[in-house]
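Welcome to this guided tour. Please open your viewer and get ready to select a few places, one after another.

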Amino acid sequence: MNPLLQNSRRFLRQHPGQLLLALLGITAGVAVVTGVALLRDVLIHSLDAAADALAGSDSVRIEAPSGRIDEAIFADLATRPGAPDLVPVLRATVRHRGERLELLAIDPLATAFGPMGLGGAATAPLLGSARGVLLNRTTLKRLGADPGSTLEIRLAGRSVELEIVAVLEDLPGLDQRLLMDMANAQDLLDRAGELSWIEAPASAAAWLDRQIDAPLLLRSAGERRASAASLTAGMRANLTAMSLLAFAVGLFVIHAVLAFLLVQRRRQIAMLRAVGVTVGQLRLVLATETVILAGLGGLIGLALGTILADQLLELVRAPIAEVYGQVTARGIQPSLGLYLVIWLIALLLALVSVTGLLASAGRIPPGVLGRTPDQSRPGLRPYWPALALALAGTLVLSIGSSLEAALVGLFLWLCVAALLAPGAGMRLLSAWHAVRRRQLSGRAIGMLGQARLRLAPALAALSLALGLSAGLAMMVLGFRGAVDDWVDRLLRADTYLTASTGIIDEAVTARINDWPEIRAVSSARQRELGDGSRLLAFDLPAAAWEGFEWLAGDPEQARVGFDQGRGVLISEPLARHRALKPGDTVSLPTPSGPIDLDVLAVYRDYGSERGVLAIDGRLYRDLFDDPARDSLGLYLAAGAELEAVLARLEELEITVSLTSREQVRSQTMAIFDRTFRISWALALLVALIALVALVSALLALGLERGRDYASLRALGLTRAGLVGWVVTQTTALAAVAALLAVPISLALHSALSLIIQPRAFGWSVPFSLPLWPWLLMLPLALLIGALAGLYPAWTIARRDPAPLLRSRS
Amino acid sequence: MKLDLAVLTLLAAALVSWLVGQTRPPQHAIGTIGLATVLGDAPEHFRRVTGPEPLVFPDDHGAHPDYRSEWWYFTGNLDDDQGQRMGFQFTLFRFALNQPQGARSAWASEGLWMAHLALSDGRSQSFFQAERFARDGLALAGATAERWWLRDWMVEATEDGWHLYADAGDFALDLHFRLSRALVLQGDAGYSRKGPEAGNASRYYSATRLASSGRVRVGDAWVSVSGLAWLDREWGSNQLSDTLSGWDWFALHLDDGRDLMVYRLRDHEGQASEWSAGALVDSDGTAQILRADDFVTEAIDWWRDPDGHRWPLSWRVQLPDHGLDLLVEPIFEDQLWTRSVRYWEGMMDVTDPASRAPLGRGYLELSGYAESSPSRH
């Protein structure tokens with residue numbers, strides 16, 4: 001064995017470029033998978049990590065349906081005999097330089113880490129400074145602040161300077177969170193007497209269960225995690241699908257590189273066979289090479305993926321905060337188990353991907369010192385497997401209605417595309433060759449046709465990567481247009497009013513309604529229902545009704561029923577998740593127990609994946625005894641000026657701010673754009689890995705066809721001419737891949753918009769066909785193809801043709 | 001080949017160790033509080049104890065928020081109905097906070113309260129301890145003339161003493177204390193000097209002999225107990241001078257009916273300070289105040305805690321003028337507080353050094369031994 005392995009080693013040392021490419025392929029694939037896997041963990045676990053930091057792991061939480069708990073309830077519970085350690089929490093969202101942070105007001109004396117956990121001496125300053133906050137070191141570093149410095153934040157429309165009184169040495173659950181003492185926070189937020197929820201250690205569940213009465217609820221850590229997980233399920237599924245695709249393309253690379261190495265060593269292998277090395281020994285050596293390459297590449301990939309996960313987390317942090325109202329941890333938390341699973345799978349799949357090569361190595365006859373041309377073994381026709389996969393994909397898509405089924409179906413169809421792409425690509429190349437047969441470029445392209453098997457993986461990978469990027473771009477653009485239309489339609493009021501305290505009371509609402517400058521006022525009050533869906537209470541003037549796009553139900557009847565408090569309007573995602581349609585009834589949890597309401601109509605909504613249940617404001621106030629509003633929509637009277645309204649606002653006792661329709665719209669679109677940044681990043685990574693595949697395939701081709709190239713040189717083709725020859729080939733390949741990517745991207749766009757989106761998020765997207773991804777993809781592919789050809793061209797052109805020509809075949 | 005293999009192995013090992021390092025969750029170090037930081041320099045606005053002032057009862061049983069720190073300190077030796085020894089401690093500490101003035105929130109507080117509850121089980125030689133914190137905002141903790149509490153841990157005044165109820169989950173105390181002797185005003189009518197500077201003093205009084213009865217629970221089983229307890233009440237703003245590093249405090253119930261309290265304040269060299277003091281209470285309740293040169297305390301045996309700190313647990317206490325020569329030894333060694341504040345507080349036996357005849361029981365408190373680095377021998 002040893003001489004064989006030494007042979008491999010010598011060969012790889014002589015060709016460090018190939019070694020690097022092989023490592024790069026597997027590394028990149030594993031890195032993307034690792035990065036996304038770690039990110040998924042963060043999305044599930046860190047949303048609730050603050051609770052762990054405050055009250056220990058698996059803490060339970062006391063909540064009220066109204067989202068607010070009277071602090072007197074806390075005082076009563078905390079002083080009852082046998083009371084566990086209860087942590088009061090008041091939550092508010094603040095912004096620092098546009099970034100969303102969570103302000104958690106707590107009683108530092110009640111937390112699991114206790115006053116001593118704050119570093120002992122930090123407790124007194126935290127309580128003693130009216131604007132004092134505490135944060136962990138990671139957050140401090142991220143915000144670029146220093147202990148003792150001030151932090152300017154935006155809080156419900158006003159600027160406040162907070163003082164960093166101390167730094168926690170590391171409680172990762174408190175990433176992106178500012179801790180403040182309850183007394184100071186209640187004053188700052190103007191929310192005296194109010195708590196958002198109460199945390200308690202896991203061991204207190206039974207005691208609390210006996211002590212608390214409706215409407216208070218006890219929610220376990222498991223329940224909270226499940227709802228956090230379901231909140232981001234769609235996003236995570238999409239990320240996973242993308243990462244697996246990146247991995248698949250990475251496998252193409254390792255296959256291409258090992259195939260290339262095999263080609264280069266045909267002569268050696270033939271000689272080894274001639275001196276008695278068996279096929280089994282040869283295969284073992286090749287398998288060992290694969291294991292070493294994949295093992296090492298996998299390890300580097302795990303390390304890079306860990307670093308990548310942090311970058312990906314940066315990309316999802318803002319959307320998670322904006323769309324789901326959740327703050328994610330700063331750091332990812334890898335586990336050995338996860339690393340091991342990814343590494344072993346990478347190793348296994350790398351071995352599987354080279355089984356064909358192992359077989360072909362065995363077929364090299366002893367003593368044949370030259371190459372056997374590709375076309376001598378045309379390989380299996382891919383049509384039957386493609387047909388089988390297509391049927392399976394269609395079957396999976398049609399029988400299940402789950403997101404997972406849709407993703408599996410889509411994956412099977414992408415496999416079909418990968419199988420068919422090389423054949424289709426070769427046909428295109430033949431056609432091209434036929435047209436330009438007499439020109440040099442035509443001959444260069446014709447030469448590609450003889451290397452079908454060598455080029456197939458690269459062509460498939462590149463077509464898929466381009467198709468994926470373009471398809472994704474088309475979906476995002478189409479979806480963006482749909483969201484823009486939706487926001488535009490939804491925003492009917494002239495301006496929107498919010499208060500610095502977060503809520504607007506009934507008296508203020510009534511006063512504003514009486515102003516002569518105001519024609520009508522709409523209002524909204526929102527609260528979370530247990531399963532992540534939201535209840536919205538609307539007071540809607542006639543003009544606001546234009547904002548709904550109805551998907552089911554009779555609009556006029558719905559309006560009458562809604563005004564009379566007879567039923568609810570539900571958003572499309574809610575209708576889909578709960579399989580509801582007009583005429584069905586829906587149960588609404590209220591402080592006095594659940595009540596059944598009729599579903600009046602279904603409307604289009606992109607605001608919440610989990611869905612919205614809208615009821616009339618008057619009905620809400622009756623049921624929940626909560627007269628507050630979160631925001632008001634102001635409809636100006638004819639001829640009234642906004643300046644007059646602004647002047648009027650000065651009369652109010654509370655601090656309020658106005659947001660114009662255009663501002664709301666641009667904020668919404670900005671959030672939308674941030675949400676898809678991660679998809680772009682992953683698509684880019686897939687495309688980069690595909691490029692590595694392309695370069696390695698071309699290198700293989702260049703070496704395999706060394707004698708042909710040498711002949712061309714001998715016939716008078718200059719080095720520059722040979723470079724042009726090879727670059728023409730790569731450009732042609734990229735162009736063909738781009739052409740193949742057109743139908744792939746169209747299919748992907750349709751699948752994402754019409755099947756995946758509704759299943760992942762619950763909403764449908766009207767189909768549209770934005771063309772510019774295609775227009776951009778074609779020139780970009782040509783450019784990439786030309787660039788990718790430079791290195792192989794250089795390698796091929798600098799080779800001395802004479803020895804190659806002297807070789808026997 | 002070997003070199004390649006070595007390089008490859010090294011690279012793989014480096015990567016694996018980096019990856020393993022990534023999987024370790026970051027550790028959060030829990031800080032500890034130094035009592036000296038709380039009892040040392042106090043901001044100017046706190047009142048200082050600078051001379052004797054008449055104490056008024058029951059008002060002075062309640063909190064004194066003008067002073068920076070204060071405590072209510074019960075210790076006692078008990079026997080259960082099978083004659084097994086038990087010791088207990090319940091302490092309520094108040095540390096003044098400087099919450100901003102004019103706060104509207106009901107959470108705004110004047111004081112940070114800490115409660116320590118401990119039970120020493122002589123039979124199993126186990127030491128149970130529980131610690132709690134709360135603020136006085138929302139009345140989560142506080143002390144009036146009639147009631148001292150931190151959440152549901154509570155001491156209520158009764159006709160002839162107090163009733164303590166505190167449940168820490170795995171153990172609980174439910175004890176009645178009957179005041180069988182007049183309150184002892186320590187130092188000069190309750191003015192207890194502890195250092196050379198004005199203000200290095202506390203207001204200090206004791207209920208030295210409280211007839212105790214009631215029940216305690218370890219695990220699920222309540223047992224009836226009875227015995228003697230001691231209450232110390234103390235408040236001040238700047239009581240410890242910077243030159244002190246800790247103290248050794250003895251509260252002993254002698255079988256002849258006398259009660260003895262001595263404390264030895266130690267400087268940074270471990271020498272007794274001239275401000276050490278005590279009181280000897282006769283069986284008729286008459287108290288004699290002891291100065292530093294009235295008594296001698298000598299450590300004769302040490303115990304090393306798991307962190308390597310040495311604690312002097314066995315002592316010889318002598319009051320030559322009163323003919324007292326006492327050997328004070330712990331019932332068992334590990335009665336060490338390991339929560340936010342590290343100190344040793346445990347039940348003791350008092351015997352005659354020569355004959356080993358029992359002379360009484362008591363409590364010993366040792367502070368300031370864990371702040372130094374652990375000794376090596």
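Before the first stop, one term: two strands pair if DSSP finds at least two bridges between them. Helices (H or I, at least four residues) and strands (E, at least two) are themselves DSSP runs, numbered from the N terminus. What you are looking at is a predicted model, in which local features need pLDDT of at least 70, side-chain atom pairs count only at pLDDT 80 or more, and totals for chains, interfaces and linings use all residues. Residues are numbered from 1 along each chain as its sequence is written, while chains are lettered from A and ligands numbered from 1 in the order in which they are written.

**Stop 1: strands in chain B**

Select residues 141-143 of chain B, which form strand β5, and residues 147-150, which form strand β6. These two strands run antiparallel and are joined by three bridges. Which residue is the bridge partner of B:G142 in β6(B)? Look for B:W149. A hairpin through three residues connects β5(B) to β6(B).

Now add residues 153-157 of chain B, strand β7. Four bridges join β6(B) to β7(B), and this pair also runs antiparallel. Here B:R147 stands opposite B:E156. The hairpin of β6(B) and β7(B) has two residues between the strands, and in it B:R151 takes a positive phi near 50°.

Zoom out to view chain B, which has two helices and 23 strands.

**Stop 2: a residue in chain A**

Go to A:A537, in strand β14 (residues 534-539) of chain A. Is A:A537 buried or exposed? A:A537 is buried, because 24 other C-beta atoms lie within 10 Å. (A residue is buried if 20 or more other C-beta atoms lie within 10 Å of its own, exposed if 12 or fewer, and partly exposed in between; C-beta atoms are placed from the backbone.)

Leaving aside residues up to four places away in sequence, A:A537 touches A:A524, A:R525, A:I615, A:G617 and A:Y620. Two residues are in contact if their C-beta atoms, placed from the backbone, lie within 7 Å. Try a distance on A:A524: its C-alpha atom is 5.5 Å from that of A:A537, though the two residues are 13 apart along the chain.

**Stop 3: helices in chain A**

Two packed helices are described by the angle between their axes and the distance between the axes. Axes are lines fitted to C-alpha atoms, for helices over the stretch in contact, and angles run from 0 to 180 degrees between N-to-C directions.

Select helix α18 (residues 440-449) and helix α28 (residues 719-761) of chain A, which pack at about 65° with axes 9 Å apart. The contact includes A:L440, A:A444 and A:L448 of α18(A), and A:W725 and A:L733 of α28(A). Its residues divide into eight nonpolar, three polar and no charged. (Ala, Val, Leu, Ile, Met, Phe, Trp, Tyr, Cys and Pro count as nonpolar, Asp, Glu, Lys and Arg as charged, and the others, Gly among them, as polar.)

Keep α28(A) and add helix α17 (residues 403-435) of chain A; these two pack at about 160°, with axes 9 Å apart. They are therefore roughly antiparallel to each other (the term covers angles over 145 degrees). Among the residues that meet are A:W413 and A:W432 in α17(A) and A:I744 and A:R759 in α28(A). This contact has 21 nonpolar residues, one polar and one charged.

**Last view: chain A**

Show chain A in full: it has 30 helices and 21 strands. Of its 809 residues, 48% count as buried.

Conventions. Parallel < 35°, antiparallel > 145°, perpendicular 65-115°, else oblique.
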